[in-house]
Amino acid sequence: MQSSWATNFELEIALVIQAILYKFSIWEAGATYGAKLQDLCYEKPSQSPGRRYAPSGLPRHPLIVHAVLTIVVPYLHGRIRTYGLSRSWPDAPSSDSRRRAWDILLRLETLHSTSALVGFVTFLWDGKYRTLADRFSGLKLVPARRNVTRNVNYEFMNRQIVWHAFTEFLLFILPIINLRIYRRRLSRGLQKASSLVYDAARSVFSPSASSPSTSNNVKPRRVGKFAALHADSCAICAEEAHATDPTSATGSTTQFDALPRTADADPAPIPTSLPPLYPINIPYATSCGHNYCYYCLTTRIMQAVESEDPGWECLRCCEVATAACRLEEEVVPFDGSDKWSSNEESSSSPEPGIDGGMLRS
């Protein structure tokens, strides 16, 4: 939402910033910040009684023309061009008024670029007017101090050296630092802190809500949000499909959304007579005993390794999976009358070997 807002009003934000810079540079001081570093300013004419002047001593009328040509005209050009592209003016037929307006805009851009090139070449020849806006408004850059030996100002050079050294340092140090690790650690720490604060507040304000298991220091068993998913379905595939399209399964909810799930009891399993919505391809069993697709599980474990996490949290039991090995399964396909079943005798004690590789985080 924020990025969309910034994109829609990017030109207006740039207009306001340029207006503020113009107010505190040319309007107040009579020179841009770059011109000040070069000890230059716009030439101030002799003041006449009937003429209005800006705080910088320059006449207001030329300054207003210069501001319009420098700030307002580029804004209007950008806004018209953005509007035309969003309405597909270039793709309209040649007889359409939108296409003719787009051709006129392109001709004006070409004319402006040519005029700017001619003006720049003329500036290199006589050194009077830098840009077309300066030429049309009659503002000319001159030395800020006359009849004074011009000293070389090294302030700009010193700034450039400092920023160059800082940029080189960032280019060297940023590839070494894995920012994703620190973001995950910060997020995990905030989650733990919020859970501790919630438990403390719950124990203080509702002491009667503590269960007997809590009083006996028995930690309740955690259950993942995909614990009720079909045993022959990949929970990672289901999570990705549900994140992409929450209504990706039959009806308005997925196969695991409508099932009861509690922290103290096993979730109600899906009837085995139904085929899995997300069948497992090349099944691998994690160290906690649940099965996933090889590609899905490898991707999650590799992400955990890159983030320097102790392991990957299983989506069914919330335990940290640190290793996985391949299963040898004999799948009986669903024929409409029998139950979907699989022979997972080897999954109880999988052994790594030629056919069953080992994945470790």
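The secondary structure of this chain comes to eleven helices and ten strands, where helices (H or I, at least four residues) and strands (E, at least two) are DSSP runs numbered from the N terminus. The model is a predicted one, in which local features need pLDDT of at least 70 and side-chain atom pairs count only at pLDDT 80 or more, while totals for chains, interfaces and linings use all residues. Residues are numbered from 1 along each chain as its sequence is written, and side-chain values use heavy atoms, with hydrogens and water left out.

**Exercise 1. The chain as a whole**

Task: State what share of the 361 residues is buried, and how much area the chain exposes.

Solution: Begin with the cut-offs, by which buried means under 20% relative accessible area, exposed means over 50%, and partly exposed lies in between (1.4 Å probe, protein chains only). On this scale, buried residues make up 25% of the 361 residues in the chain. Turn next to the area, which comes from the Shrake-Rupley method with a 1.4 Å probe, where for residues only the protein chains shown count as cover. The chain exposes about 24800 Å², and carbon and sulfur atoms supply 60% of that area. Finally, consider the contacts (heavy atoms within 4.5 Å): of those with a separation of 6 or more, 62% are between residues 24 or more positions apart.

**Exercise 2. Helix α11 and its salt bridges**

Task: Describe the span of helix α11, list its buried residues, and determine which acidic residues are joined with Arg300 in one network.

Solution: Helix α11 covers residues 294-306, and its 13 residues reach 18 Å from the first C-alpha to the last, close to the 18 Å expected at 1.5 Å a residue; the expected span is 1.5 Å times one less than the number of residues. The buried residues of this helix are Cys296, Leu297, Thr298, Arg300, Ile301 and Ala304. After the helix comes Glu308, whose phi is positive, near 60°.

For the network, apply the salt-bridge rule (a side-chain nitrogen of Lys or Arg within 4 Å of a carboxyl oxygen of Asp or Glu), which gives a count of nine salt bridges. Arg300 is buried at a relative accessible area of 16%, and its salt bridge with Glu239 has its closest N and O atoms 3.1 Å apart. This pair links distant parts of the chain, since Glu239 is in helix α10 (residues 235-244) and Arg300 in helix α11, 61 residues apart. Arg300 also forms a salt bridge with Glu240, with closest N and O atoms 3.7 Å apart. Glu240 lies in helix α10 and Arg300 in helix α11, so this second pair ties together parts that are 60 residues apart in sequence. Glu240 itself is partly exposed, at 42% relative accessibility. The salt bridges share partners and thus join Glu239, Glu240 and Arg300 into one network.

**Exercise 3. Cysteines without disulfides**

Task: Decide how many disulfides the whole structure holds, and examine Cys288 and Cys296.

Solution: A disulfide is a pair of cysteine sulfur atoms within 2.5 Å, and a search of the whole structure finds zero of them. For Cys288, the nearest cysteine sulfur is that of Cys314, 3.7 Å away, and Cys288 is in no disulfide. For Cys296, the nearest cysteine sulfur is that of Cys237, 3.5 Å away, and Cys296 is likewise in no disulfide. Cys296 counts as buried because its relative accessibility is 9%.

**Exercise 4. Two buried residues and their surroundings**

Task: Locate Thr286 and His66 in the secondary structure, and identify what each of them contacts beyond four places in sequence.

Solution: Thr286 is part of strand β3, which runs over residues 283-286, and with 7% relative accessibility Thr286 is classed as buried. Leaving aside neighbours within four places in sequence, Thr286 is in contact with Tyr292, Leu297, Trp312, Ala321, Ala323 and Ala324. Leu297, in that list, is also one of the buried residues of α11.

His66 belongs to helix α4, residues 60-86, and is buried at a relative accessible area of 3%. Not counting residues up to four places away in sequence, His66 touches Tyr22, Ile26, Tyr42, Ala133, Asp134, Ser137 and Leu139.
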